[in-house]
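Good morning, colleagues. I would like to take you through one chain, beginning with its overall make-up and then turning to its helix contacts and a few individual residues.

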Amino acid sequence: MKPLRTYAVLKSLANNLSQPFITFTAASSGVVNEYLGIISSASTVLTSVSEFITALFRVRALTMLILGNLISGIAWIIMSLLPFTGPYITLTYCVAELGLGMSLMGWNLVMEKLSSTSRGEVLTQYTAYANVGGLIATLGAGIFAGSSLQLIKVPFILSGVITLFTILVLRQSDVDYEDPARRFHVPRSMWGFLSLTTVFTFFWSFAWPLFPLAQIYIFHMNYVNIAIISVIGGISSLIMRRWVARLITRNRRIAMFLGRALLTVFPLSYVLSPSVYYIYLAEVVAGFTSMVGSTAYISYLYDSSSKEDMKVALAFYSVLQGLGALAGSVLSSFILNLLIPFLGLVTDIRALLLTSAVLRLITSFWYLKLREVRS
């Protein structure tokens, strides 16, 4: 399994050289309209679409990992060579996320095989491997770029190069997922979970285009500030890994509820904080929410599905989450621009962030009503 651990670190290194900065880069380049909504949700929407499409075909997990990283790596390099305008950055980023979605489907299938005996421990362990590389990459990229839109292109190029290099690492792995024969079927018991995921993601993503605008126009941040925010969340994830793993094993419904309810902290911090330092403090919560987000919900899906249904269930989970994210982000951008003449930009941003926070909290209570299942 050593190649898979190496892949997890390198993939996180590549993602964290670019992903934490993409919406901030778009907003700093003057992208404020619906393009920003698309970019803010693309990491969820396009990866979901890609995962759904790949689920329709019987393709081995390692094949999906290799092809996805090839597409994503090339797209990040091309993006760095083009001007940061709305159409260019949106198109190339969407292609990169399509590739990422394909690789994520392959990775989730491999993780299902590896984690079958201990969901919480194995999934959080690999998430921790990934975070180690990501912390270094994000902080270095932020310090290097400072306030320069031109310098951030260097981390973006490195992200593409490292992503392409992961293909060589994957070729050394002997762990694969044999795709079983299956029907295009989702267990009836899964639809409540899938519907809740869609609704929550809609309210969750409503705040996504607002964060980079608040960072620029309210708190006047630069790339160093964005890097610090991401690094605090990453360190918090490493600290909380074992505690989250135990909580998921003992009471997954509580973990899923808290993982969603605590997401309320982030929009509230942008509404109430008098300075960026309070946002740094709030980001400590991200360690818990991100660790739960990358483990509890996917493990619930694994255990709620048979081997024959799991890949299709995973695809529906991804695509419904993506549709919710696209709708929430684009609607938020539309309403923002509609209300600016009446409220002004800063008041408009704060009002919509507060709306998202309230709706996130209300919806999170429905996770307590889910039926618990075990493998």
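**Overall make-up**

The chain contains 17 helices and zero strands; helices (H or I, at least four residues) and strands (E, at least two) are DSSP runs, numbered from the N terminus. Please note that this is a predicted model, in which local features need pLDDT of at least 70 and side-chain atom pairs count only at pLDDT 80 or more, while totals for chains, interfaces and linings use all residues. Residues are numbered from 1 along each chain as its sequence is written, and side-chain values use heavy atoms, with hydrogens and water left out.

Of the 375 residues in the chain, 58% are buried. Here buried means under 20% relative accessible area, exposed means over 50%, and partly exposed lies in between, using a 1.4 Å probe and protein chains only. Among contacts with a separation of 6 or more, 89% join residues 24 or more positions apart, a contact being heavy atoms within 4.5 Å.

**The core and the covered helices**

The largest nonpolar core has 103 residues, and those with the most contacts inside it are Phe193, Met221, Tyr270, Leu353 and Tyr367. Helix α16 (residues 307–343) gives the most to this core, with 11 residues. By nonpolar core I mean a set of buried Ala, Val, Leu, Ile, Met, Phe, Trp, Tyr and Cys residues joined through side-chain atoms within 4.5 Å.

Which residues does Tyr270 touch, leaving aside its neighbours within four places in sequence? They are Phe211, Ala214, Gln215, Phe219, Met221, Ile229, Ile279, Arg350 and Leu353.

Two helices deserve mention for their burial. Helix α15 (residues 296–304) is largely enclosed by the rest of the structure, because nine of its nine residues are buried. The run includes three tyrosines, Tyr297, Tyr300 and Tyr302, as well as Asp303. Helix α11 (residues 252–261) is mostly covered, with seven of its 10 residues buried; among them are Arg252, Met256, Phe257 and Arg260.

**Helix packing**

Two packed helices are described by the angle between their axes and the distance between the axes. The axes are lines fitted to C-alpha atoms, for helices over the stretch in contact, and angles run from 0 to 180 degrees between N-to-C directions.

Let me begin with helix α9 (residues 210–217) and helix α12 (residues 265–272), whose axes come within 11 Å and cross at roughly 25 degrees. That angle makes α9 roughly parallel to α12, since angles under 35 degrees count as roughly parallel, over 145 as roughly antiparallel, 65 to 115 as roughly perpendicular and the rest as oblique. Phe211, Ala214 and Gln215 of α9 meet Phe266, Pro267 and Tyr270 of α12. By class, this contact of α9 with α12 has five nonpolar, one polar and no charged residues; Ala, Val, Leu, Ile, Met, Phe, Trp, Tyr, Cys and Pro count as nonpolar, Asp, Glu, Lys and Arg as charged, and the others, Gly among them, as polar.

α9 also packs against helix α17 (residues 345–364), at an angle of about 140 degrees and with axes 10 Å apart. α9 is therefore oblique to α17. On the α9 side the contact involves Leu210, Phe211, Leu213, Ala214 and Tyr217, and on the α17 side Leu345, Val346, Ile349, Leu352, Leu353 and Arg360. The classes here are 10 nonpolar, no polar and one charged.

The third pair is helix α10 (residues 223–250) with helix α14 (residues 286–293), packed at about 55 degrees with axes 7 Å apart. α10 is thus oblique to α14. The residues in contact include Gly233, Ser236 and Trp243 in α10, and Gly287, Phe288 and Ser290 in α14. They divide into eight nonpolar, five polar and one charged.

**Individual residues**

Tyr93 lies in helix α5 (residues 86–114) and counts as buried, at 1% relative accessibility. Beyond its neighbours within four places in sequence, Tyr93 contacts Gln19, Ile22, Ile39, Ala42, Ser43, Trp76 and Met79.

Thr23, in helix α2 (residues 22–28), is also buried, at 18% relative accessibility. With the same sequence neighbours left aside, Thr23 is in contact with Leu36, Ile39, Ser40 and Pro212.

Finally, is His220 buried or exposed? His220 is exposed, with a relative accessible area of 60%. His220 sits in the loop between α9 and α10, and its phi is near 55 degrees, a positive value in a residue other than glycine.
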